[in-house]
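Me: I would like a close look at a single part of this model. Start with one residue and work outward. Keep it brisk.

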Amino acid sequence: MTVCEAPGKVYLFGEHAVVYGEPAVPAAIERRATVTAEPRSDDHVRVEAEDLSLDGFTVEYSGGNGDRPDVDVPTPLVEAAMGYVDAAVEQARDAADAPDAGFDITVESDIPLGAGLGSSAAVVVAGIDAATRALGEPLDRRELADRAYRAEYEVQEGQASRADTFCSTMGGAVRVEGDDCEPIEAPNLPFVVGFDGGAGDTGELVAGVGALRDEYRFAADTVESIGDLVRTGEELLADAVSGGDPSLELLAELGELMDFNHGLLAALGVSARSLDAMVWAARDAGAHGAKLTGAGGGGCIVALDPSDATETALSFTQGCEEAFRAELAPEGVRVVEP
Ligand SMILES: Nc1ncnc2c1ncn2[C@@H]1O[C@H](COP(=O)(O)OP(=O)(O)O)[C@@H](O)[C@H]1O
Ligand SMILES: C[C@@](O)(CCOP(=O)(O)O)CC(=O)O
Ligand SMILES: [Mg+2]
(Lines give C-alpha, C1' and ligand atoms only; values in the text may rest on other atoms or scores of the structure.)
(Ligands and ions follow the chains in the order given, each with its own letter.)
Protein backbone atom coordinates (compact mmCIF):
# COMPACT_ATOMS: atom_id res chain seq x y z
CA MET A 1 0.00 0.00 0.00
CA THR A 2 1.40 3.42 -0.94
CA VAL A 3 0.09 6.70 0.41
CA CYS A 4 1.02 10.09 -1.09
CA GLU A 5 -0.25 13.54 -0.27
CA ALA A 6 -0.02 16.70 -2.38
CA PRO A 7 -0.88 20.30 -1.52
CA GLY A 8 -3.45 22.68 -2.93
CA LYS A 9 -2.48 26.22 -3.91
CA VAL A 10 -3.50 29.83 -4.13
CA TYR A 11 -2.64 32.11 -7.03
CA LEU A 12 -0.71 35.15 -5.92
CA PHE A 13 -1.19 36.34 -9.50
CA GLY A 14 -1.85 35.20 -13.03
CA GLU A 15 -4.63 32.58 -13.25
CA HIS A 16 -6.50 32.42 -16.57
CA ALA A 17 -3.86 34.54 -18.36
CA VAL A 18 -1.42 31.63 -17.79
CA VAL A 19 -3.57 29.51 -20.11
CA TYR A 20 -2.56 31.92 -22.94
CA GLY A 21 1.18 31.87 -22.26
CA GLU A 22 1.42 34.71 -19.75
CA PRO A 23 3.37 34.01 -16.55
CA ALA A 24 1.65 33.12 -13.26
CA VAL A 25 2.81 32.73 -9.66
CA PRO A 26 0.87 30.17 -7.62
CA ALA A 27 1.96 29.15 -4.11
CA ALA A 28 1.32 25.78 -2.45
CA ILE A 29 -0.65 25.82 0.82
CA GLU A 30 -0.91 23.39 3.71
CA ARG A 31 -4.16 21.76 2.65
CA ARG A 32 -3.59 18.40 1.08
CA ALA A 33 -5.20 15.61 -0.91
CA THR A 34 -4.13 12.14 0.21
CA VAL A 35 -4.29 9.21 -2.20
CA THR A 36 -3.75 5.58 -1.23
CA ALA A 37 -2.96 3.09 -4.01
CA GLU A 38 -2.93 -0.66 -3.49
CA PRO A 39 -2.19 -2.84 -6.54
CA ARG A 40 -4.76 -5.55 -7.27
CA SER A 41 -4.35 -8.98 -8.77
CA ASP A 42 -6.85 -8.14 -11.56
CA ASP A 43 -7.10 -5.12 -13.87
CA HIS A 44 -9.94 -3.43 -11.98
CA VAL A 45 -9.81 -0.01 -10.43
CA ARG A 46 -11.84 0.51 -7.28
CA VAL A 47 -12.11 4.08 -6.10
CA GLU A 48 -13.33 5.32 -2.76
CA ALA A 49 -13.76 9.08 -2.74
CA GLU A 50 -15.83 10.15 0.25
CA ASP A 51 -15.68 13.85 -0.69
CA LEU A 52 -17.32 13.47 -4.07
CA SER A 53 -20.87 13.50 -2.78
CA LEU A 54 -22.60 14.11 0.49
CA ASP A 55 -22.81 10.39 1.20
CA GLY A 56 -19.75 9.32 -0.75
CA PHE A 57 -19.86 6.34 -3.06
CA THR A 58 -17.67 3.50 -4.20
CA VAL A 59 -17.30 2.37 -7.79
CA GLU A 60 -15.45 -0.47 -9.40
CA TYR A 61 -14.55 -0.83 -13.05
CA SER A 62 -12.10 -2.72 -15.21
CA GLY A 63 -9.02 -1.36 -16.91
CA GLY A 64 -8.00 -0.09 -20.26
CA ASN A 65 -10.89 -1.20 -22.49
CA GLY A 66 -13.36 1.63 -21.98
CA ASP A 67 -15.66 -0.28 -19.62
CA ARG A 68 -17.64 2.08 -17.45
CA PRO A 69 -18.76 1.42 -13.91
CA ASP A 70 -22.12 -0.02 -13.07
CA VAL A 71 -23.32 2.21 -10.26
CA ASP A 72 -26.53 3.73 -9.14
CA VAL A 73 -25.87 7.32 -10.30
CA PRO A 74 -26.10 8.90 -13.76
CA THR A 75 -23.03 8.10 -15.87
CA PRO A 76 -22.11 11.73 -16.78
CA LEU A 77 -22.02 12.53 -13.07
CA VAL A 78 -19.66 9.65 -12.38
CA GLU A 79 -17.46 10.55 -15.33
CA ALA A 80 -17.24 14.17 -14.27
CA ALA A 81 -16.39 13.17 -10.74
CA MET A 82 -14.02 10.36 -11.66
CA GLY A 83 -12.23 12.03 -14.55
CA TYR A 84 -9.16 13.16 -12.65
CA VAL A 85 -8.62 9.91 -10.73
CA ASP A 86 -9.15 7.96 -13.93
CA ALA A 87 -6.64 10.10 -15.83
CA ALA A 88 -4.10 9.72 -12.99
CA VAL A 89 -4.42 5.91 -13.12
CA GLU A 90 -3.94 5.98 -16.91
CA GLN A 91 -0.79 8.09 -16.56
CA ALA A 92 0.59 5.73 -13.92
CA ARG A 93 -0.12 2.67 -16.07
CA ASP A 94 1.58 4.33 -19.02
CA ALA A 95 4.60 5.48 -16.99
CA ALA A 96 5.11 2.03 -15.48
CA ASP A 97 4.41 0.29 -18.81
CA ALA A 98 1.68 -1.70 -17.06
CA PRO A 99 -1.50 -1.11 -19.10
CA ASP A 100 -3.48 -3.72 -17.18
CA ALA A 101 -2.46 -2.75 -13.65
CA GLY A 102 -5.40 -2.68 -11.25
CA PHE A 103 -5.65 -0.65 -8.06
CA ASP A 104 -7.71 -0.03 -4.99
CA ILE A 105 -7.60 3.75 -4.67
CA THR A 106 -8.76 5.87 -1.76
CA VAL A 107 -8.94 9.65 -2.00
CA GLU A 108 -9.22 11.89 1.04
CA SER A 109 -8.76 15.62 0.91
CA ASP A 110 -9.08 18.76 2.98
CA ILE A 111 -9.05 20.94 -0.14
CA PRO A 112 -12.58 22.09 -1.07
CA LEU A 113 -13.61 20.82 -4.50
CA GLY A 114 -13.81 23.19 -7.46
CA ALA A 115 -13.13 26.22 -5.27
CA GLY A 116 -9.92 27.51 -6.85
CA LEU A 117 -7.51 25.85 -4.43
CA GLY A 118 -6.36 23.25 -6.93
CA SER A 119 -8.04 20.13 -5.54
CA SER A 120 -7.96 18.50 -8.97
CA ALA A 121 -4.20 19.01 -9.37
CA ALA A 122 -3.50 17.72 -5.85
CA VAL A 123 -5.57 14.57 -6.47
CA VAL A 124 -3.87 13.93 -9.82
CA VAL A 125 -0.33 14.56 -8.50
CA ALA A 126 -0.81 12.44 -5.36
CA GLY A 127 -2.63 9.78 -7.42
CA ILE A 128 0.09 9.37 -10.06
CA ASP A 129 2.80 9.39 -7.40
CA ALA A 130 1.05 6.78 -5.25
CA ALA A 131 0.13 4.51 -8.18
CA THR A 132 3.59 4.57 -9.83
CA ARG A 133 5.29 3.94 -6.48
CA ALA A 134 2.86 1.11 -5.77
CA LEU A 135 4.02 -0.45 -9.07
CA GLY A 136 7.65 -0.02 -8.05
CA GLU A 137 8.25 2.67 -10.70
CA PRO A 138 8.54 6.00 -8.87
CA LEU A 139 8.85 9.07 -11.11
CA ASP A 140 11.16 12.02 -10.65
CA ARG A 141 9.29 15.20 -9.82
CA ARG A 142 9.64 16.82 -13.26
CA GLU A 143 8.10 13.77 -14.94
CA LEU A 144 5.42 13.52 -12.28
CA ALA A 145 4.48 17.18 -12.81
CA ASP A 146 4.47 16.69 -16.58
CA ARG A 147 2.22 13.63 -16.41
CA ALA A 148 -0.10 15.34 -13.94
CA TYR A 149 -0.39 18.27 -16.36
CA ARG A 150 -1.23 15.89 -19.20
CA ALA A 151 -3.93 14.30 -17.04
CA GLU A 152 -5.50 17.70 -16.24
CA TYR A 153 -5.15 18.81 -19.86
CA GLU A 154 -7.04 15.75 -21.01
CA VAL A 155 -9.86 16.04 -18.45
CA GLN A 156 -10.21 19.79 -19.05
CA GLU A 157 -10.25 19.17 -22.82
CA GLY A 158 -7.13 21.12 -23.62
CA GLN A 159 -7.89 24.03 -21.30
CA ALA A 160 -5.23 23.73 -18.64
CA SER A 161 -1.89 25.31 -17.83
CA ARG A 162 0.99 23.62 -16.05
CA ALA A 163 0.64 25.97 -13.08
CA ASP A 164 -1.53 23.96 -10.65
CA THR A 165 0.11 20.59 -11.20
CA PHE A 166 3.68 21.93 -11.13
CA CYS A 167 2.97 23.89 -7.93
CA SER A 168 1.34 20.91 -6.22
CA THR A 169 4.28 18.67 -7.19
CA MET A 170 7.07 21.03 -6.15
CA GLY A 171 5.51 22.95 -3.25
CA GLY A 172 6.49 26.51 -2.35
CA ALA A 173 5.95 29.34 -4.80
CA VAL A 174 6.52 28.64 -8.48
CA ARG A 175 6.57 30.56 -11.73
CA VAL A 176 4.95 29.10 -14.81
CA GLU A 177 5.02 30.56 -18.31
CA GLY A 178 3.95 28.17 -21.07
CA ASP A 179 6.09 25.03 -20.72
CA ASP A 180 8.66 26.86 -18.63
CA CYS A 181 8.15 25.97 -14.94
CA GLU A 182 10.50 26.91 -12.10
CA PRO A 183 10.30 27.03 -8.30
CA ILE A 184 10.98 30.59 -7.06
CA GLU A 185 12.18 31.96 -3.75
CA ALA A 186 9.44 33.68 -1.77
CA PRO A 187 9.05 35.16 1.67
CA ASN A 188 6.56 33.64 4.10
CA LEU A 189 3.44 35.37 2.80
CA PRO A 190 0.50 35.73 5.24
CA PHE A 191 -2.32 34.26 3.14
CA VAL A 192 -5.89 34.32 4.41
CA VAL A 193 -8.53 32.39 2.45
CA GLY A 194 -12.26 33.06 2.34
CA PHE A 195 -14.48 30.29 0.94
CA ASP A 196 -18.08 30.92 -0.11
CA GLY A 197 -19.00 27.23 0.13
CA GLY A 198 -19.55 27.04 -3.61
CA ALA A 199 -17.62 26.03 -6.70
CA GLY A 200 -16.96 27.18 -10.25
CA ASP A 201 -16.69 25.06 -13.37
CA THR A 202 -13.03 25.44 -14.39
CA GLY A 203 -13.56 24.31 -18.00
CA GLU A 204 -16.53 26.59 -18.55
CA LEU A 205 -14.83 29.62 -17.00
CA VAL A 206 -11.64 29.11 -19.01
CA ALA A 207 -13.74 28.74 -22.17
CA GLY A 208 -15.59 31.98 -21.32
CA VAL A 209 -12.36 33.95 -21.08
CA GLY A 210 -11.19 32.34 -24.34
CA ALA A 211 -14.37 33.45 -26.11
CA LEU A 212 -14.05 37.04 -24.85
CA ARG A 213 -10.41 37.10 -25.89
CA ASP A 214 -11.33 35.93 -29.39
CA GLU A 215 -14.14 38.45 -29.69
CA TYR A 216 -12.59 41.64 -28.31
CA ARG A 217 -9.14 43.09 -28.73
CA PHE A 218 -9.56 44.76 -25.31
CA ALA A 219 -10.17 41.39 -23.67
CA ALA A 220 -6.95 40.08 -25.23
CA ASP A 221 -5.25 43.26 -23.94
CA THR A 222 -6.65 42.54 -20.47
CA VAL A 223 -5.05 39.08 -20.54
CA GLU A 224 -1.74 40.68 -21.58
CA SER A 225 -2.09 43.27 -18.81
CA ILE A 226 -2.35 40.45 -16.29
CA GLY A 227 0.97 39.18 -17.68
CA ASP A 228 2.55 42.64 -17.19
CA LEU A 229 1.23 42.73 -13.64
CA VAL A 230 2.72 39.29 -12.89
CA ARG A 231 6.13 40.39 -14.19
CA THR A 232 5.97 43.42 -11.87
CA GLY A 233 5.04 41.15 -8.95
CA GLU A 234 7.89 38.77 -9.72
CA GLU A 235 10.43 41.59 -9.53
CA LEU A 236 9.10 42.52 -6.10
CA LEU A 237 9.44 38.92 -4.92
CA ALA A 238 12.93 38.58 -6.39
CA ASP A 239 14.08 41.56 -4.29
CA ALA A 240 12.60 40.13 -1.07
CA VAL A 241 14.37 37.92 1.42
CA SER A 242 13.37 34.32 0.85
CA GLY A 243 11.78 32.35 3.68
CA GLY A 244 11.68 35.28 6.10
CA ASP A 245 8.79 37.51 7.07
CA PRO A 246 8.01 40.03 4.34
CA SER A 247 8.33 43.76 5.03
CA LEU A 248 5.15 45.81 5.32
CA GLU A 249 6.25 47.73 2.26
CA LEU A 250 6.47 44.52 0.21
CA LEU A 251 3.04 43.38 1.46
CA ALA A 252 1.55 46.75 0.49
CA GLU A 253 3.05 46.52 -3.01
CA LEU A 254 2.04 42.89 -3.56
CA GLY A 255 -1.43 43.68 -2.16
CA GLU A 256 -1.90 46.52 -4.61
CA LEU A 257 -1.08 44.16 -7.48
CA MET A 258 -3.50 41.55 -6.11
CA ASP A 259 -6.28 44.16 -6.02
CA PHE A 260 -5.47 45.11 -9.60
CA ASN A 261 -5.40 41.44 -10.63
CA HIS A 262 -8.85 40.90 -9.12
CA GLY A 263 -10.20 43.86 -11.09
CA LEU A 264 -8.83 42.47 -14.36
CA LEU A 265 -10.24 39.00 -13.61
CA ALA A 266 -13.62 40.58 -12.84
CA ALA A 267 -13.44 42.40 -16.19
CA LEU A 268 -12.92 39.00 -17.83
CA GLY A 269 -16.17 37.84 -16.22
CA VAL A 270 -14.83 35.23 -13.79
CA SER A 271 -15.66 36.87 -10.47
CA ALA A 272 -18.96 36.45 -8.62
CA ARG A 273 -21.00 38.49 -6.17
CA SER A 274 -19.84 36.30 -3.26
CA LEU A 275 -16.19 36.60 -4.31
CA ASP A 276 -16.45 40.38 -4.68
CA ALA A 277 -18.14 40.60 -1.26
CA MET A 278 -15.31 38.64 0.39
CA VAL A 279 -12.66 40.67 -1.44
CA TRP A 280 -14.21 43.90 -0.16
CA ALA A 281 -14.66 42.54 3.36
CA ALA A 282 -10.95 41.66 3.41
CA ARG A 283 -9.91 45.09 2.12
CA ASP A 284 -12.21 46.85 4.61
CA ALA A 285 -10.65 44.80 7.42
CA GLY A 286 -7.21 46.13 6.47
CA ALA A 287 -5.84 43.36 4.25
CA HIS A 288 -2.99 44.58 2.05
CA GLY A 289 -4.81 43.19 -0.97
CA ALA A 290 -7.35 40.55 -1.98
CA LYS A 291 -8.33 38.69 -5.12
CA LEU A 292 -10.21 35.63 -6.24
CA THR A 293 -7.99 32.58 -6.69
CA GLY A 294 -8.16 29.92 -9.39
CA ALA A 295 -10.86 29.69 -12.00
CA GLY A 296 -13.41 31.84 -10.10
CA GLY A 297 -17.17 31.81 -10.59
CA GLY A 298 -17.48 30.91 -6.89
CA GLY A 299 -15.17 29.34 -4.36
CA CYS A 300 -12.25 31.12 -2.74
CA ILE A 301 -10.53 34.47 -2.43
CA VAL A 302 -7.03 35.00 -1.07
CA ALA A 303 -5.96 38.05 0.93
CA LEU A 304 -2.66 39.15 2.46
CA ASP A 305 -2.85 40.02 6.15
CA PRO A 306 -0.34 39.16 8.89
CA SER A 307 -2.92 40.13 11.56
CA ASP A 308 -6.12 38.25 12.48
CA ALA A 309 -8.38 41.10 11.30
CA THR A 310 -9.16 39.73 7.82
CA GLU A 311 -9.88 36.19 8.99
CA THR A 312 -12.21 37.53 11.69
CA ALA A 313 -13.98 39.92 9.32
CA LEU A 314 -14.44 37.19 6.71
CA SER A 315 -15.91 34.82 9.28
CA PHE A 316 -18.66 37.43 9.87
CA THR A 317 -19.18 38.22 6.19
CA GLN A 318 -22.44 37.09 4.69
CA GLY A 319 -21.71 34.58 1.97
CA CYS A 320 -18.38 33.48 3.47
CA GLU A 321 -18.78 29.95 4.76
CA GLU A 322 -15.24 29.42 6.00
CA ALA A 323 -12.22 31.63 6.59
CA PHE A 324 -8.78 30.27 7.39
CA ARG A 325 -5.12 31.13 7.38
CA ALA A 326 -3.29 29.23 4.66
CA GLU A 327 0.34 28.50 5.47
CA LEU A 328 2.74 28.26 2.56
CA ALA A 329 3.58 24.56 2.00
CA PRO A 330 7.31 24.46 1.28
CA GLU A 331 7.19 20.75 0.45
CA GLY A 332 5.17 19.51 -2.52
CA VAL A 333 3.97 15.95 -3.00
CA ARG A 334 5.37 13.49 -0.46
CA VAL A 335 5.05 9.91 0.65
CA VAL A 336 3.17 9.33 3.88
CA GLU A 337 4.78 6.55 5.88
CA PRO A 338 2.12 4.16 7.18
N1 LIG B 1 -11.32 14.62 -2.69
C2 LIG B 1 -11.51 14.33 -3.98
N3 LIG B 1 -11.81 13.07 -4.39
C4 LIG B 1 -11.96 12.79 -5.69
N5 LIG B 1 -11.90 13.71 -6.69
C6 LIG B 1 -11.62 14.97 -6.34
C7 LIG B 1 -11.40 15.34 -5.00
N8 LIG B 1 -11.12 16.67 -4.95
C9 LIG B 1 -11.18 17.09 -6.25
N10 LIG B 1 -11.47 16.09 -7.09
C11 LIG B 1 -11.68 16.19 -8.54
O12 LIG B 1 -11.36 17.52 -8.94
C13 LIG B 1 -12.55 18.20 -9.45
C14 LIG B 1 -12.49 19.68 -9.09
O15 LIG B 1 -11.46 20.29 -9.85
P16 LIG B 1 -11.55 21.77 -10.45
O17 LIG B 1 -12.90 21.99 -11.04
O18 LIG B 1 -10.36 21.98 -11.30
O19 LIG B 1 -11.46 22.67 -9.16
P20 LIG B 1 -10.23 22.98 -8.21
O21 LIG B 1 -9.03 22.35 -8.80
O22 LIG B 1 -10.17 24.46 -8.16
O23 LIG B 1 -10.58 22.44 -6.86
C24 LIG B 1 -13.69 17.44 -8.80
O25 LIG B 1 -14.87 17.57 -9.57
C26 LIG B 1 -13.16 16.00 -8.81
O27 LIG B 1 -13.29 15.41 -10.08
C1 LIG C 1 -8.04 29.18 -14.55
C2 LIG C 1 -6.72 28.42 -14.38
O3 LIG C 1 -5.65 29.33 -14.68
C4 LIG C 1 -6.53 27.96 -12.93
C5 LIG C 1 -7.59 27.02 -12.42
O6 LIG C 1 -7.37 26.72 -11.04
P7 LIG C 1 -8.43 25.86 -10.22
O8 LIG C 1 -8.58 24.55 -10.94
O9 LIG C 1 -9.70 26.65 -10.19
O10 LIG C 1 -7.80 25.69 -8.87
C11 LIG C 1 -6.70 27.25 -15.36
C12 LIG C 1 -5.33 26.62 -15.51
O13 LIG C 1 -4.30 27.30 -15.33
O14 LIG C 1 -5.29 25.43 -15.85
MG1 LIG D 1 -8.45 22.42 -10.84
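Is Arg147 buried or exposed, and what is its relative accessible area?

Reply: Arg147 is buried, because its relative accessible area is 8%. The cut-offs are under 20% for buried, over 50% for exposed and partly exposed in between (1.4 Å probe, protein chains only).

This is a predicted model: local features need pLDDT of at least 70, side-chain atom pairs count only at pLDDT 80 or more, and totals for chains, interfaces and linings use all residues. Residues are numbered from 1 along each chain as written, chains are lettered from A and ligands numbered from 1 in written order, and side-chain values use heavy atoms, without hydrogens or water.

Now the partner. Arg147 forms a salt bridge with Asp94, with 2.9 Å between the closest N and O atoms. Such a bridge needs a side-chain nitrogen of Lys or Arg within 4 Å of a carboxyl oxygen of Asp or Glu. This pair links distant parts of the chain. Asp94 sits in helix H1 and Arg147 in helix H3 (residues 141-155), 53 residues apart. Helices (H or I, at least four residues) and strands (E, at least two) are DSSP runs, numbered from the N terminus. Asp94 is partly exposed at 49%.

Stay on H3. Asp146 meets Arg162 in another salt bridge, 2.8 Å from N to O. Asp146 belongs to H3 and Arg162 to the loop between H3 and helix H4 (163-170), so the bridge ties together parts that are 16 residues apart in sequence. The relative accessible area of Arg162 is 16%, so Arg162 is buried. Asp146 is partly exposed, with 22%. A wider set takes in this pair: Asp146, Arg150, Arg162 and Asp179 are linked in a network of salt bridges.

How does this fit the whole? A search of the full structure finds 24 salt bridges. One of them joins Arg32 to Glu30, with the closest N and O atoms 3.0 Å apart. Arg32 is buried at 6%, whereas Glu30 is partly exposed at 35%.

Go back to the end of H1. Asp97 lies in the loop between helix H1 (75-95) and strand E5 (102-109). Asp97 counts as exposed, because its relative accessibility is 69%. Its phi is positive, about 50 degrees, although Asp97 is not a glycine. Most residues other than glycine have a negative phi. His16 has a positive phi as well, near 70 degrees. His16 lies in the loop between strand E1 (2-13) and strand E2 (25-40). There the cover is clear: His16 is buried at 4%.

For a covered strand, look at E10 (residues 300-304). There, 5 of the 5 residues are buried, so E10 is largely enclosed by the rest of the structure. In a regular strand the side chains alternate between the two faces of the sheet. On one side of E10 are Cys300, Val302 and Leu304, on the other Ile301 and Ala303, and both faces are covered. Strand E8 (residues 191-195) runs antiparallel to E10, joined by 5 bridges. Strand E9 (residues 289-292) is also antiparallel to E10, with 4 bridges. Pairing requires at least two DSSP bridges between strands. Leu304 is the bridge partner of Phe191 and stands opposite Gly289.

Past E8, Gly198 is in the loop before helix H5 (202-215). Gly198 is partly exposed at 26%.
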